Amino acid sequence: MTGTRLSIGIKSVTREAGVSVGTVSNVLNQPDRVSAPTRRHVQQVITRLGYVRSESARQLRAGRSRIISLLVLDMGNPFFVDIARGAEHAVREAELGVMVCNSGQSPQEEMDYLALFAQQRVRGALVTPADLSGHTLREFRRHGIPFVVIDRVGGEEEGCSVAVDDVAGGALAIRHLVSSGHRAIAFVSGPARLKQIQDRSAGARAALADAGLPPESMRELPVGRLDVAAGRDAGARLLGLMERPTAVFCANDLLALGVLQSLYAAGVRVPEDMAIVGYDDIEFAAAATVPLTSVRRPAATMGTLAAELLLQETGDRASEHRHEHVLLQPELVVRRSSMTAH
Ligand code: RIB
């Protein structure tokens, strides 16, 4: 009975075939170095026992894995799915594979995955860091795991980065709302420790100042997570404000969709009673009940560029690689959620 039983190791084959480990290895890797009768005999034993060569053991011997890991903050966020699609496009071109992992915004989870990547000796890692102290990235380097930072402007001399100018993105959102006549604007932000959020806030406040408006006039509603549930909660808080804003900028589209749900449930009209602007321009932004105005970030392009940089750093011409920090520009996509009636 043939079948692939994962417990069958190369030693079972050598015992059954009466040959050395070297002979079995040659039959698998360099069959022309084994006589035809011996080759046939060993191959029959391999088939009969259902022996499967361990790809990870082969990769370890070869010194380089064919797997690149992608460690994202939130697999529930379509923004990171688009990044993964872009990364996979480049990696598959190189006949390699992508292992997608989720830190859930947890620095501890991130470190746990580092141990797995080191154990599996992945070729390299694409990372949107949850830990902002730089400790995780230093540990990646200490374990000899090349990395490219995605979605954060690189300050790491030890690795490449691909990001979008979030300061410009925050400014785009607010300039649009101010030019639409809004003066009472709220900002539903995310975890203040995330550089991406800090930059969006800084850009928003700079745009207010450029318009001659006091930056502190923007009412910030911080949230702990960048997801729809946090957006719903923020929407409820907006509704409870004594002085309700006429517009709200959300740090990403999931928050904006949550805010939209809360306002809709409370009978607050969007954009008539409150305009909404999101961030990322994920696929669901355009498909929302009230199509969402959003600051578009080329997520798939980010993933492809980051993967290409990592492939350069870990490929046959690695010695020629020089770290790069790529900064892409966002663009505003205006839809009904912020259009003022003219
Ligand atoms: O990476 C942090 C945040 O930036 C994510 O929520 C994502 O949506 C992007 O906007």
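Ala, Val, Leu, Ile, Met, Phe, Trp, Tyr, Cys and Pro count as nonpolar, Asp, Glu, Lys and Arg as charged, and the others, Gly among them, as polar. The model is predicted, with pLDDT of at least 70 needed for local features and 80 or more for side-chain atom pairs, while totals for chains, interfaces and linings use all residues. Residues are numbered from 1 along each chain as its sequence is written, and side-chain values use heavy atoms, without hydrogens and water.

**Exercise 1.** Describe the largest cavity and its lining.

*Solution.*
- Step 1. A cavity is a set of points, on a 1 Å grid over the protein atoms alone, where a 1.4 Å probe fits but cannot get out; lining residues have an atom within 4 Å of a point.
- Step 2. Two cavities of 30 Å³ or more are present. The largest holds about 150 Å³, a volume being the space filled by probe spheres set on points joined across faces, edges and corners.
- Step 3. The largest cavity is lined by 16 residues, of which Leu73, Asn77, Phe80, Leu226 and Asn252 are the closest to its centre. The lining comprises seven nonpolar, four polar and five charged residues.
- Step 4. Helix α9 contributes the most to this lining, with three residues; helices are DSSP runs (H or I, at least four residues) numbered from the N terminus.
- Step 5. The largest cavity lies between domain 2 (63-164 + 299-329) and domain 3 (166-297 + 332-338), because both give residues to its lining. The domain bounds come from an automatic or database domain assignment.

**Exercise 2.** Identify the side chains in polar contact with the ligand, taking pairs of N or O atoms within 3.5 Å.

*Solution.*
- Step 1. The residues around the ligand (a heavy atom within 4 Å) include Phe79, Asp151, Arg200 and Asp280.
- Step 2. A ligand oxygen lies 3.0 Å from a side-chain N or O atom of Asn252. For Gln196, the corresponding distance is 3.2 Å, and for a polar side-chain atom of Arg297 it is 3.4 Å.
- Step 3. The protein covers 99% of the 270 Å² of accessible area that the ligand has on its own, by the Shrake-Rupley method with a 1.4 Å probe.

**Exercise 3.** Locate the cis peptide bond.

*Solution.*
- Step 1. Most peptide bonds are trans.
- Step 2. The cis bond joins Val270 and Pro271, with omega about 5°.
- Step 3. Pro271 is placed in the loop between α11 (253-265) and β9 (275-280), where strands are DSSP runs (E, at least two residues).

Definitions and conventions:
1 Å grid on protein atoms, 1.4 Å probe; cavity = no way out; pocket = protein on both sides within 12 Å on 5 of 7 lines; lining within 4 Å. Polar contact = N/O pair within 3.5 Å; in protein donor to acceptor, adjacent residues only side chain to side chain.
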